[in-house]
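Colleague: I should be grateful for a close look at a single part of this model, described contact by contact. Please then set that part in the context of the rest of the chain.

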Amino acid sequence: QQPPPPPHGADPARPRSPPPPRKDKPVPPTPPLHIKDRGRGVTYSRTGFLGEGGFARVYEVFDEEKTRKAVKVVNKASIKTKKNKTKLWAEIKLHQMLVHPDVVRFHDCFEDDENVYMVLELCENGSLMDLLRRRRRYSEPEARYFLVQIIGACLYMHDMNVIHRDLKLGNLFLDGDMNVKVGDFGLAALIENPGERKKWVGICLTLLTGRTICGTPNYIAPEVLFDTANGHSFEVDVWSVGVILYTLLIGKPPFQTKDVKAIYRRIRENRYEFPPDKEISTSAMDLISSILNSNPDMRPSLQAILQHRWFTDGPFPPFIPHSANDGTPDFS
Ligand code: ADP
């Protein structure tokens with residue numbers, strides 16, 4: 001059986017084989033070429049490697065209808081602790097209930113003796129982080145287009161009482177038509193009672209050890225780090241939207257430094273600047289500054305962000321062409 005050819009726009013620069021083993025991390029066995037969901041009697045054929053995260057490796061597959069999909073594979077040996085099992089269960093439960101055009105679609109979930117498999121919508125143009133690495137910065141029209149979709153996903157998630165809590169360029173994927181799909185619900189939380197606030201011990205552990213277990217702290221809202229008594233809620237995603245917008249337009253996150261502890265310090269002091277050599281519009285600066293308010297209650301709502309004049313201050317593209325993978329498209 002031959003896999004269908006990659007569509008136009010697929011990125012040939014994306015890795016097709018898993019990276020070499022890292023010394024500090026045991027390498028899980030490669031999943032079978034033909035991954036079987038015995039319960040449904042469906043077989044997925046593995047065709048390529050898409051990437052890896054904290055616990056999972058993600059592979060490209062095609063199903064029996066020859067539709068290309070992504071399969072997130074979590075090796076059971078890596079989730080032996082009760083805490084890790086609970087985390088994976090929460091990710092599956094929350095992702096499964098979200099069905100929206102701006103959210104990576106969760107198709108199927110099953111297990112065999114070795115692994116847990118999550119079958120997801122394939123996002124063939126990688127993540128916004130992959131694109132930023134090649135492009136260095138995005139233009140304001142592109143950022144407008146992407147931001148509307150990201151906010152659309154947030155409005156829906158919040159409506160479903162889900163806080164994503166890990167919105168960052170690496171978790172914003174691009175489908176074959178260059179539309180954004182929010183993915184990776186590994187740190188998401190469900191608000192079960194109105195007004196409930198989440199307390200997060202995972203982050204405190206990160207602070208104490210100085211190591212980051214859940215990736216970069218760059219996008220984390222200050223109340224998650226420093227107001228552990230009051231907890232946090234939906235506004236943490238709004239903060240991340242501000243960090244995302246800054247990062248798209250400037251090319252690096254606002255509080256970024258080499259030293260992780262210095263990032264925490266900068267977030268606490270709300271210390272960031274707009275580099276004069278990276279010119280952006282005053283309305284973009286105004287919007288970013290209003291979102292990056294240390295006080296979660298003073299941040300604009302997602303609806304208010306969409307009403308900001310930055311969205312009508314310049315071109316709003318009808319779509320993002322595939323040429324955006326290599327250079328700034330001309331929207332004038
Ligand atoms: P983790 O939850 O372990 O952090 P991720 O969900 O972030 O794992 O996935 C790891 C990598 O796999 C991503 O950075 C991306 O490169 C790739 N990936 C994940 N989901 C998809 C998808 N739906 N389509 C294409 N690539 C994906």
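Modeller: Two residues are taken to be in contact if their C-beta atoms, placed from the backbone, lie within 7 Å of each other. The model is a predicted one, and every contact named below is computed from it.

A loop residue shows how the term is used. Tyr272 is located in the loop between H7 and H8. Once its neighbours within four places in sequence are set aside, Tyr272 has contacts with Pro254, Phe255 and Arg266. The C-alpha atom of Tyr272 is also 8.8 Å from that of Gln256, although 16 residues separate the two along the chain. Tyr272 is classed as partly exposed because 18 C-beta neighbours lie inside 10 Å, whereas a buried residue needs 20 or more. The loop between helix H7 (260-269) and helix H8 (282-291) also holds Asn270. Asn270 has a positive phi, near 50°, and is a residue other than glycine. It is likewise partly exposed, since 14 C-beta neighbours are found inside 10 Å.

The part I propose to examine is helix H6, together with its packing partners. The chain has 332 residues, of which 36% count as buried, and it contains 9 helices and 10 strands. Its largest nonpolar core comprises 78 residues, and Val71, Ile150, Val241, Leu245 and Leu249 have the most contacts inside it. Helix H6, residues 235-250, supplies the largest share of this core, namely 11 residues. In soluble globular proteins, nonpolar side chains tend to be buried together.

Leu245 is a convenient point from which to view the surroundings of H6. Beyond the residues within four places in sequence, Leu245 is in contact with Ala143, Leu147, Leu287 and Ile288. Two helices that pack with H6 can now be taken in turn.

The first to consider is H3. Helix H3 spans residues 140-159, and its axis lies 10 Å from that of H6, at an angle of about 165°. The two helices are therefore roughly antiparallel, an angle over 145 degrees being the criterion. The crossing of H3 and H6 is right-handed. On the H3 side, Glu140, Ala143, Phe146, Leu147, Ile150, Ile151 and Cys154 take part, and they meet Asp237, Val241, Ile244, Leu245, Leu248 and Leu249 of H6. Sorted by class, this contact of H3 with H6 includes 11 nonpolar residues and 2 charged ones, with no polar residue.

The second is H8. The axes of H6 and H8 are 8 Å apart and make an angle of about 150°. H6 is thus roughly antiparallel to H8. Here the crossing is left-handed. From H6, the contact draws on Val238, Trp239, Val241, Gly242, Leu245, Tyr246 and Leu249; from H8, it draws on Ala284, Leu287, Ile288 and Ile291. The class count for H6 with H8 is 10 nonpolar residues, 1 polar and no charged ones.

Val241, Leu245 and Leu249 belong to the H6 side of the contact with H3, and they also belong to the H6 side of the contact with H8. These three are among the residues with the most contacts inside the largest core.

Some features outside H6 complete the picture. Arg136 is placed in the loop between helix H2 (128-135) and H3. Its phi is positive, about 70°, although Arg136 is not a glycine. Arg136 counts as exposed because it has 12 C-beta neighbours inside 10 Å, and 12 or fewer is the limit for that class.

Two further residues illustrate contacts elsewhere in the chain. Pro31 occupies the segment before strand S1 (34-37). Leaving out residues up to four places away in sequence, Pro31 touches Arg46, Tyr59, Val73 and Asn115. Its C-alpha atom is separated by 8.9 Å from that of Asn75, which is 44 residues away along the chain. Pro31 is partly exposed, since 19 C-beta neighbours lie inside 10 Å. Thr43 belongs to strand S2, residues 42-52, and it touches His34, Ile35, Lys36 and Glu64 when residues up to four places away are not counted. From Thr43 to Leu33, the C-alpha to C-alpha distance is 9.8 Å across 10 residues of sequence. Thr43 is partly exposed because 16 other C-beta atoms are within 10 Å.

For the chain as a whole, among contacts with a separation of 6 or more, 66% are between residues 24 or more positions apart.

How values were computed
Residues numbered from 1 in each chain as written. Predicted model: local features only at pLDDT ≥ 70, side-chain atom pairs only at ≥ 80, totals over all residues. Core = buried A, V, L, I, M, F, W, Y, C linked by C-beta atoms within 7 Å. Helix = DSSP H or I, 4+ residues; strand = E, 2+ residues; numbered from the N terminus. Axes fitted to C-alpha atoms, helices over the stretch in contact; angles between N-to-C directions. Parallel < 35°, antiparallel > 145°, perpendicular 65-115°, else oblique. Left-handed = near helix turned anticlockwise from the far one by under 90°. Nonpolar A, V, L, I, M, F, W, Y, C, P; charged D, E, K, R; others polar.
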